[in-house]
Amino acid sequence: MKMNAMSRILRFIFLPFFLLTVGFAQAQLSIEITGAGANRIPVTIVDFPGDPAASRVITSTVRADLERSGLFKLIDHNNLTFDENAPINHADWKSRGADALAAGSIARSADGRMEARFRLYDTQKGVSLGGAAYVTSNAQLRAAGHRIADFIYEKLTGEKGVFSTRIAYVVKARGQFLLQIADSDGQNAATALTSIEPIISPVWSPDGGRLAYVSFEKKKPVIYVHSLASGHRQIVANFKGSNSAPGWSPDGRKLAVVLSKDGFSQLYSVNADGSGLQRLTQSSGIDTEPRYSADGGTIYFTSDRGGSPQVYQMAASGGDIRRVTFEGSYNVSPRPSPDGKSLAFISRREGRFQLAVMDLASRQVQVVSDSNKDESPSFAPNSRMILIATDVGGRGVLSAVSSDGRIKQRLTVAAGDVREPAWGPYYQ
Amino acid sequence: MKKLLIPALLSAILVGCSTTPLPEDTAGAPVESRSGSGTGVASVTADGVDANGLPRELTDPKSKLSQRSIYFDLDKYEVKDEYKDLVASHAKYLSAHKGFKVLLQGNTDERGSREYNLSLGQKRAEAVKRSLTLLGVSEAQIESVSLGEEKPKDAGHDEAAWSQNRRADILYKGADGRGEF
């Protein structure tokens, strides 16, 4: 069983080296699990009867997703194949150590489409936990696998899964900057923008259809909104000086931005089409990195108004400014969690830049990474994992860390630096 | 305007690289770089303008005005006392040559938040701008921008590199539009 898990991990690591020969545009992220939860749920996914090749893609996607989450321990399925309606010997699976089991099938319809069906069982109680059917196609088999993994994850942990989500990040390689979009497992990477000038600060619109980001292609920082399906790009802010740090309002209508048009970095809000500019802060120092809270009522931001960069909050309409971080002389990049309960930020401690998470109710702060150069945290939509940019051996990599610091994954690209991650919203 | 920008920036980058204090690096004419290659020919450039069309006094390493970089401490954006003379020299030149413009580019080291560094670089450029205007330079002659941590002069990952990258550079442009930006 351990060998199986290992070979799966190795496949993830080595796959990108083969893909490299296909072409750099395909540069895939590879994911390595470097830490797992303490109490992992033992689960078995048996092979689906029907189309063996399609079954392999779907079940391996489900298994890899569950394994990567750090919350599940995969119990060997002994190469067994049976469908969702076959009788289950619960006592037998229980004795093999599996608390839950999923079985399914793949049916091909006359029009070439496929239907992936599955059912999840609780072997402890000997009951079905429900199932679902997803219409899919050869090109969408992995997506169907992610949906099944999300179903299993939600039934067994009680919170929504994020396997069907996408992530955005910037790759720097060969003197170019690539803004890429990939599935949450690093597969299906596609390049949305290529530039010889830096691209920073991508953020997903709440509907998952657009990215706002800062591009230096006009030889200075300018904010764009980029529709992913069409490739259409719109300039949202291109004033004198720097235009940067976009953060979407939860309704997707506005962006909080940072403009230096009046000399230094101040916060403004602007409609997503670039109209309706409003100044939000009036300070003589640096105000930057605005992020709306999930309820839209508060903006968290970084400011040096107290003498060192710290996290502050204010009313989304401006005013009622309060300091949020107090420990240390450098706390930046605040990111409120989607569930509104916590705040991730980067804290400098004894010269190390580390990911910290504050519980907003108790204001307790916990450092959850053990790296030195963490940047740009981004919450998964279920608030459980946080994606960060960090550095391993002088190379930029991404790392996903659970908000309690236990589970860790590392995402790398074979031939370049990866940075500026942004975790997209739930699949819609 | 757009057409001008790329060659202008390229030349700005070339000149930007040549603002180190080493005399053999500072001259604008590329032929001088061959002088050490064993040809036995000492290269001399006539008085007048350099390759960017700027007066020699702005680029001649013997001139104080060829020093264009102001370095900052970690997290700081105050112009240190040791650069007051340098800033004063540039202020004097700009006050006497109203047709000239400067682009102030603020930079930071690679550590910490990219966005915060973009703002910090802006503050550094603004600090130099304020020093110049306090000494009588017209605001209309100055533009300040930030490159944040995105364009490191030294690509290393240690304090030696970081100290080089916590910097504001002064780039010149003459009344005829020729220059370093």
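## A buried helix

A residue counts as buried if 20 or more other C-beta atoms lie within 10 Å of its own. Keep that in mind for this predicted model.

Take helix α2 of chain A, residues 52-68. Its buried residues are A:Ser55, A:Ile58, A:Thr59, A:Thr61, A:Val62, A:Arg63, A:Ala64, A:Asp65, A:Leu66, A:Glu67 and A:Arg68. The helix has 17 residues, so at 1.5 Å a residue it should span 24 Å. Its end C-alpha atoms are 24 Å apart, which agrees. After α2(A) comes A:Gly70, with a positive phi near 80°.

## The nonpolar core

In soluble globular proteins, nonpolar side chains tend to be buried together. Here the largest nonpolar core has 138 residues. Those that touch the most other members are A:Val43, A:Ile148, A:Ile152, A:Ala212, A:Val236, A:Val257 and B:Val128. Helix α4 of chain A, residues 141-157, gives the largest share of this core, with 9 residues.

Now look at B:Val128. Neighbours within four places in sequence aside, B:Val128 is in contact with B:Ile70, B:Val79, B:Val87, B:Leu104 and B:Ala168.

## Where the chains meet

Chain A brings 30 residues to the contact, and chain B brings 18. Five strands of chain A each supply at least two residues of the side that touches chain B: β10 (199-204), β14 (243-248), β18 (287-292), β22 (331-336) and β23 (342-349). By class, this side of chain A has 13 nonpolar, 11 polar and 6 charged residues.

## An open sheet

Strands of a sheet pair through backbone hydrogen bonds, either parallel or antiparallel. In chain A, 5 strands form an open sheet in the order β1-β29-β28-β27-β26, with antiparallel pairing. The edge strands, β1 (29-35) and β26 (375-379), each pair on one side only. Direction ignored, neighbouring strands are turned by 25° against each other on average.

Strands β28 (395-402) and β29 (408-413) of chain A pair over 4 bridges. In β29(A), A:Lys408 is the bridge partner of A:Val401.

## Strand β16 and its partners

Strand β16 of chain A covers residues 266-271. 5 of its 6 residues are buried, so the strand is largely enclosed by the rest of the structure.

β16(A) runs antiparallel to β15(A), residues 254-259, and 6 bridges join the two. A:Leu259 stands opposite A:Gln266 in β16(A). Their hairpin has 6 residues between the strands, and A:Gly263 takes a positive phi near 115° there.

β16(A) also runs antiparallel to β17(A), residues 278-279, through 2 bridges. A:Ser269 has A:Gln278 in β17(A) as its bridge partner. This hairpin has 6 residues between the strands, with A:Gly274 at a positive phi near 95°.

Conventions
Residues are numbered from 1 along each chain as its sequence is written. Chains are lettered from A and ligands numbered from 1 in the order in which they are written. This is a predicted model: local features need pLDDT of at least 70, side-chain atom pairs count only at pLDDT 80 or more; totals for chains, interfaces and linings use all residues. Two residues are in contact if their C-beta atoms, placed from the backbone, lie within 7 Å. Ala, Val, Leu, Ile, Met, Phe, Trp, Tyr, Cys and Pro count as nonpolar, Asp, Glu, Lys and Arg as charged, and the others, Gly among them, as polar. A nonpolar core is a set of buried Ala, Val, Leu, Ile, Met, Phe, Trp, Tyr and Cys residues joined through C-beta atoms within 7 Å. A residue is buried if 20 or more other C-beta atoms lie within 10 Å of its own, exposed if 12 or fewer, and partly exposed in between; C-beta atoms are placed from the backbone. Two strands pair if DSSP finds at least two bridges between them. Axes are lines fitted to C-alpha atoms, for helices over the stretch in contact, and angles run from 0 to 180 degrees between N-to-C directions. The expected span of a helix is 1.5 Å times one less than its number of residues.
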